[in-house]
Amino acid sequence: MSKLSKHVGVKVRNFRKNRGLTQEQLGELVELPQSYIGGIERGEKNISLETLERIVETLRVEPSNLFSGYDLANSHYERSKLLDSTYLLIEQCSDKELALIKKLVDVVISEVRSKSN
């Protein structure tokens, strides 16, 4: 299995799980068997661009997100999962809630950065 196939597979698995889908459910939505989805997630399948397009449309993710961090260490996968799960939480917020969350994040980041200098 190629390093890139494994990387993309891990990303597909993270996005699928963060959206609360099983391999079987994703397979039904993209018209592929569950076993094929499992093979993609394990990096065992060399998927076509058409299949990739169906997966990213179903998971509502930019194709570039499946390739981001390709050359980074394994810690990137944990970071990716945290970022995606955070996005999914705030995606459900109202505009008013989102504005408040943005202000809170700005304050926290500013505080953390000032303490590390």
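What is the volume of the second largest pocket? In this predicted model, the second largest pocket has a volume of about 170 Å³. Its lining is made up of Leu4, Ser5, Val8, Ile40, Gly43, Lys45, Asn46, Ile47, Ser48, Leu49, Leu52 and Phe67. Two elements, α1 and α4, give two or more residues each to this lining, and α1 gives the most, with three residues. Sorted by class, the lining of the second largest pocket holds seven nonpolar, four polar and one charged residues.

The largest pocket comes next. Its volume is about 340 Å³, and 17 residues line it. Those closest to the centre of this pocket are Ser80, Leu82, Leu83, Asp84 and Tyr87. The elements that contribute two or more residues to the lining are α1 and α6, the latter spanning 75-91. Helix α6 provides the largest share, nine residues. As for class, six nonpolar, five polar and six charged residues make up the lining of the largest pocket.

One residue of this lining, aspartate 84, deserves a closer look. Aspartate 84 sits in helix α6 and is among the residues closest to the centre of the largest pocket. Is aspartate 84 buried or exposed? With a relative accessible area of 7%, aspartate 84 counts as buried, because the cut-off for that label is under 20%. The side chain of aspartate 84 also makes a polar contact, at 3.0 Å, with the side chain of asparagine 18. Leaving aside residues up to four places away in sequence, aspartate 84 touches Asn14, Phe15, Asn18 and Arg19.

Attention now turns from the pockets to the nonpolar core. The largest such core contains 16 residues, and those with the most contacts inside it are Val12, Leu26, Val30, Ile37, Ile55, Leu59 and Leu66. Four helices each supply at least two residues of this core: α1 (3-18), α2 (23-30), α3 (34-41) and α4 (49-59). Of the elements, α4 gives the most to this core, with four residues.

Isoleucine 37 offers a handy place to start exploring this core, being one of the residues with the most contacts inside it. Which residues does isoleucine 37 touch, not counting residues up to four places away in sequence? They are Gln23, Leu26, Gly27, Val30 and Leu32. Leu26 and Val30 from this list are also among the residues with the most contacts inside the core.

Notes:
Residues numbered from 1 in each chain as written. Predicted model: local features only at pLDDT ≥ 70, side-chain atom pairs only at ≥ 80, totals over all residues. Heavy atoms only, no water. Core = buried A, V, L, I, M, F, W, Y, C linked by side-chain atoms within 4.5 Å. Buried < 20%, exposed > 50% of the residue type's maximum accessible area, 1.4 Å probe, protein only. Contact = heavy atoms within 4.5 Å. 1 Å grid on protein atoms, 1.4 Å probe; cavity = no way out; pocket = protein on both sides within 12 Å on 5 of 7 lines; lining within 4 Å. Points joined across faces, edges and corners; volume = space filled by probe spheres on them. Nonpolar A, V, L, I, M, F, W, Y, C, P; charged D, E, K, R; others polar. Polar contact = N/O pair within 3.5 Å; in protein donor to acceptor, adjacent residues only side chain to side chain.
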